[in-house]
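Reader: I am new to this structure and would like a close look at a single part of it. Please start with one residue in a loop, then connect it to what surrounds it and to the charged pairs elsewhere.

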Amino acid sequence: MSEALEILKSCDAFLEGHFLLSSGRHSSAYCQMAYLQQYPDRCAEVMKAVADQVKKMDVDVIVGPAMGGIVYAYELARQTGKRAIFTERVDNVMTLKRFAIHPGEKCLIAEDVVTTGISSLETKRVIEENGGICVGITCVVDRTKPEAPSPIPIVASALKLDLPNYAPEECPICKEGKLPLVHLGSRKMKQEAKQTL
């Protein structure tokens with residue numbers, strides 16, 4: 001088992017059960033990354049491998065989508081000497097409310113967990129609407145599947161997990177009916193959010 005996964009387990013950030021992911025898919029495992037953020041030293045340790053990769057890249061700004069990406073954007077920026085900003089939802093639409101992206105700045109999205117990469121498209125849209133160039137995604141946990149890669153390249157991650165996830169109508173945990181579906185994420189699951197892509 002990898003050191004990053006051991007750290008996640010040590011702070012109860014890796015959970016098992018029946019979960020609704022922000023992508024709308026179901027899974028038997030969930031990474032509750034807020035629990036890692038309780039321990040700055042462990043967070044820094046997990047993010048070091050990602051920061052080492054980012055240091056080799058031509059990047060100006062690390063952009064963390066609220067909520068999950070803010071701390072990881074900050075930590076990556078701290079370890080790499082880059083600027084960190086975040087996007088946030090206003091009326092359930094991802095926006096750049098508090099910061100500016102200067103035309104031509106190369107921006108890297110920092111996520112906590114990427115399962116499909118679809119959520120990051122909102123942040124990419126914001127970056128591009130503000131004149132920036134999205135060069136990719138970094139994340140703590142990469143849950144993408146080879147048959148369904150992220151639409152934005154994942155350029156660095158601390159941990160690659162091959163955890164099954166299912167469309168709701170195909171979920172074997174739902175069909176079994178023994179575990180309730182739990183939604184732990186911060187993202188509102190509304191149709192309006194999907195319309196902003």
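Author: Thr-115 sits in the loop that runs between strand E6 (106–114) and helix H5 (118–129). The model is a predicted one. Is Thr-115 buried or exposed? Thr-115 has a relative accessible area of 11%, and the limit for a buried residue is under 20%, so Thr-115 counts as buried. Apart from neighbours within four places in sequence, the residues in contact with Thr-115 are Leu-21, Ser-23, Arg-143, Thr-144 and Asn-165.

Asn-165 leads on to another buried residue, since His-26 also touches Asn-165. His-26 belongs to strand E2 (residues 26–31). Its relative accessibility is 5%, and His-26 is therefore buried. Residues up to four places away in sequence are again left out; among the others that His-26 touches are His-18, Phe-19 and Leu-20, along with Pro-164, Tyr-166 and Pro-168. Cys-171, Cys-174 and Leu-181 are touched by His-26 as well.

Strand E6, which comes before the loop of Thr-115, is also one of the elements against which the buried residues of helix H4 pack. Helix H4 covers residues 70–80, and its buried residues are Tyr-72, Ala-73, Glu-75, Leu-76, Ala-77, Gln-79 and Thr-80. Besides E6, they pack against helix H2 (34–37), helix H3, strand E3 (61–65), strand E4 (83–90) and strand E7 (133–142). After H4 comes Gly-81, with a positive phi near 75 degrees.

Strand E4 also takes part in a charged pair. Side chains of opposite charge can pair when their charged atoms come close. Arg-83 and Glu-105 form a salt bridge, with 2.8 Å between the closest N and O atoms. This pair links distant parts of the chain, as Arg-83 is in strand E4 and Glu-105 is in the loop between strand E5 (93–95) and E6, 22 residues apart. The two partners fall into separate classes of exposure: Arg-83 is partly exposed, at 30% relative accessibility, whereas Glu-105 is buried, at 14%.

Helix H5, on the other side of the loop of Thr-115, holds a pair of its own. Arg-125 and Glu-129 form a salt bridge in which the closest N and O atoms are 3.2 Å apart. Both residues lie in helix H5, four residues apart, or about one turn of the helix. Glu-129 is exposed, with a relative accessible area of 57%.

Helix H3 shows a similar spacing. Lys-48 and Asp-52 are four residues apart in this helix, so about one helical turn separates them. Their side chains meet in a salt bridge at 2.9 Å, N to O. Lys-48 is partly exposed, with 45% relative accessibility, and Asp-52 is partly exposed too, with a relative accessible area of 28%. Through salt bridges that share partners, Lys-48, Asp-52 and Lys-55 are joined into one network. The count of salt bridges comes to 11.

Helix H3 also contributes to a charged area on the surface. Glu-3, Glu-6, Asp-41 and Glu-45 form a negative surface patch. At least two residues of this patch come from helix H1 (3–10), and at least two from helix H3 (40–54). Asp-41 has its place in helix H3. With a relative accessible area of 56%, Asp-41 is exposed, whereas Thr-115, where this look began, is buried at 11%.

Note on methods: Residues numbered from 1 in each chain as written. Predicted model: local features only at pLDDT ≥ 70, side-chain atom pairs only at ≥ 80, totals over all residues. Heavy atoms only, no water. Patch = residues over 30% accessible without salt bridge, like charges linked within 9 Å, V, L, I, M, F, W, Y side chains within 5 Å. Areas by Shrake-Rupley, 256 points an atom, 1.4 Å probe, with all protein chains shown as cover. Salt bridge = Lys/Arg side-chain N within 4 Å of Asp/Glu carboxyl O. Lys, Arg positive; Asp, Glu negative; His and termini not counted. Charge placed at Lys NZ, Arg CZ, Asp CG, Glu CD. Buried < 20%, exposed > 50% of the residue type's maximum accessible area, 1.4 Å probe, protein only. Contact = heavy atoms within 4.5 Å.
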